[in-house]
Amino acid sequence: LQESNRLNYVVMQRIQKMRVHLARLAHQRLGNATGIAARTGKILPSMAPPTTLQESLLKQAITSGLLDNVARRSPQGRLGSNGTNVPRTAFFSCRATITEPLFIDKKSVIASRDPRQLPEWICYDSIIRKTTKNGETISTMTNVTPIDPNWLGALADGSNLLTKGEPMNFPTPKYDTDKDAIICSVVTKYGDQGWLLPPVQVVMSEVIQKGTKQTSIALGDDPYRWFARHLLEGKVLEELKGLKAMLNDDASIITRRKPVSKVAILVSSLAEKGIDSASKLIKHWADEDSKFLFKCLKSWVKKDDVSAVKRLWISTVKKRIE
């Protein structure tokens, strides 16, 4: 059984001892948890294999501790330092200090001579360098774990390995109710090599403030533009959901950056007061001006619906500041 599953008896003994130790720690420090280990300080003599979700969470836990040891499979046609083609079964480290090709140990369960069978992204515990009979040095990774690059944006947040760039046009920014902010996707890169990752979502105002210059992709008033649009579309305050049907123009014109007078007045009013969230808007209504934005709103409403919008707006403000 050990040979067929490529298991090592000594290693399995160490794992069993570690499980017992972790169970004791869980019992001491996680007394409110519902698991067997937390309640009793013991382990089950037999345990079902982890579910797909549990396996994913375990891999993420491993990755979070090995962010410096992330590697990516070599693309076809890459040349090594000696000018020869690098095997497609090779990997390269995310760190610039490790330049040589890295290989998965042949004894690993994920090892394969077919590069198509290998994961594109992995993390590893350590590198063992061996010298072959012909004098060449081969660098082998130990304890390799396949990873999903989608995890890295969250796991490496705050790390120097993760670089967040400019906001992207697509997917379009949205209002996040839980964060009470306009969220946008940004160009995301990983490691010293600058590998592109799936974009992560961040608070737009924060990434705009960190930027050193305005670009064609993002302008300084973009958080206010997107907040204004979502406000009129009824996505910020639940009470204003019916407002969209009473507008004389689609609110999407606010984010098209075309010179429209009523758009400029609305956006500049929000920008002048620094309002790009529901909490800031409600605070301004309560502390300074309960009629804020209503004059701007008049030019957005169909003539037949002015009275209805006025009642809707007044009731919304009153409910929110009570």
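# Close-up views of a predicted model

**Figure 1. Helix α8 and its buried side.** In this predicted model, helix α8 runs over residues 278-287, and its buried residues are Ala278, Leu281, Ile282, His284 and Trp285. Those residues sit on the same side of α8, because they span an arc of only 160° around the axis. If you're wondering how that can work, an α-helix has 3.6 residues a turn, so residues three or four places apart point the same way. What lies over these buried residues? The cover includes β9 (174-176), α6 (222-232), α7 (261-273) and α10 (306-321).

**Figure 2. The other face of α8, with lysine 283.** Turn your attention to the face of α8 pointing away from the buried side, and you'll meet the exposed residues Lys283 and Asp287. Lysine 283 belongs to helix α8. Its relative accessible area is 53%, so lysine 283 counts as exposed, the cut-off being over 50%. For a sense of scale, pick out lysine 42 as well: lysine 283 and lysine 42 are 241 residues apart in sequence, and their C-alpha atoms are 52 Å apart in space.

**Figure 3. Leucine 293, just past α8.** Follow the chain into the loop between α8 and α9 (294-298) and you'll find leucine 293. Here's something to look for in the backbone: leucine 293 has a positive phi of about 85°, although it is not a glycine. Most residues other than glycine have a negative phi. Is leucine 293 buried or exposed? It is buried, with a relative accessible area of 6%.

**Figure 4. The largest pocket.** This view is all about an open space with a volume of about 2,500 Å³, the largest pocket. It has 48 lining residues, and the ones closest to its centre are Val11, Met12, Ile15, Ile62 and Asn143. Which element gives the most to the lining of the largest pocket? That would be α1, with 12 residues. At least two residues each come from α1 (9-29), α2 (36-40), α3 (52-64), β5 (126-131), β6 (137-142) and β7 (145-146). Sort the lining by class and you get 28 nonpolar, 10 polar and 10 charged residues.

**Figure 5. Asparagine 143, from the pocket lining.** Asparagine 143 is one of the residues closest to the centre of the largest pocket, and here we zoom in on it. Asparagine 143 sits in the loop between β6 and β7. With a relative accessible area of 56%, asparagine 143 is exposed. Check its backbone too: asparagine 143 has a positive phi of about 50°, and it is not a glycine.

**Figure 6. A cis peptide bond.** Look at the link between phenylalanine 170 and proline 171, which is a cis peptide bond with omega at about -5°. Most peptide bonds are trans. Where is proline 171? It is in the loop between β8 (162-167) and β9.

**Figure 7. Aspartate 180 and its contacts.** Aspartate 180 is in the loop between β9 and β10 (181-190). At 18% relative accessible area, aspartate 180 falls under the 20% cut-off and so counts as buried. Leaving out residues up to four places away in sequence, aspartate 180 touches Tyr175, Ser277, Ala278 and Ser279. You may recognise Ala278 from the buried residues of α8. Valine 236 is 56 residues from aspartate 180 along the chain, yet their C-alpha atoms are separated by 8.3 Å.

**Figure 8. Leucine 196 on strand β11.** Leucine 196 is part of strand β11, which covers residues 195-203. Is leucine 196 buried or exposed? At 56% relative accessibility, it counts as exposed. Setting aside neighbours within four places in sequence, leucine 196 is in contact with Trp121, Val187, Thr188 and Lys189. Proline 149 is 47 residues away along the chain, and its C-alpha is 9.3 Å from that of leucine 196.

**Figure 9. Glutamate 239 between two helices.** You'll find glutamate 239 in the loop between α6 and α7. Apart from neighbours within four places in sequence, glutamate 239 is in contact with Leu312, Thr316, Lys319 and Arg320. For lysine 106, look elsewhere: the C-alpha atoms of glutamate 239 and lysine 106 are separated by 62 Å, with their positions 133 residues apart along the chain.

**Figure 10. Cysteines without a disulfide.** How many disulfides does a search of the whole structure find? Zero. Take cysteine 94: the nearest cysteine sulfur belongs to cysteine 123 and is 10 Å away. Cysteine 94 is buried, with a relative accessible area of 0%, and cysteine 184 is buried too, at 1%.

Notes: Residues numbered from 1 in each chain as written. Predicted model: local features only at pLDDT ≥ 70, side-chain atom pairs only at ≥ 80, totals over all residues. Heavy atoms only, no water. Buried < 20%, exposed > 50% of the residue type's maximum accessible area, 1.4 Å probe, protein only. Helix = DSSP H or I, 4+ residues; strand = E, 2+ residues; numbered from the N terminus. Arc of directions from axis to C-beta. Contact = heavy atoms within 4.5 Å. Disulfide = S-S within 2.5 Å. 1 Å grid on protein atoms, 1.4 Å probe; cavity = no way out; pocket = protein on both sides within 12 Å on 5 of 7 lines; lining within 4 Å. Points joined across faces, edges and corners; volume = space filled by probe spheres on them. Nonpolar A, V, L, I, M, F, W, Y, C, P; charged D, E, K, R; others polar.
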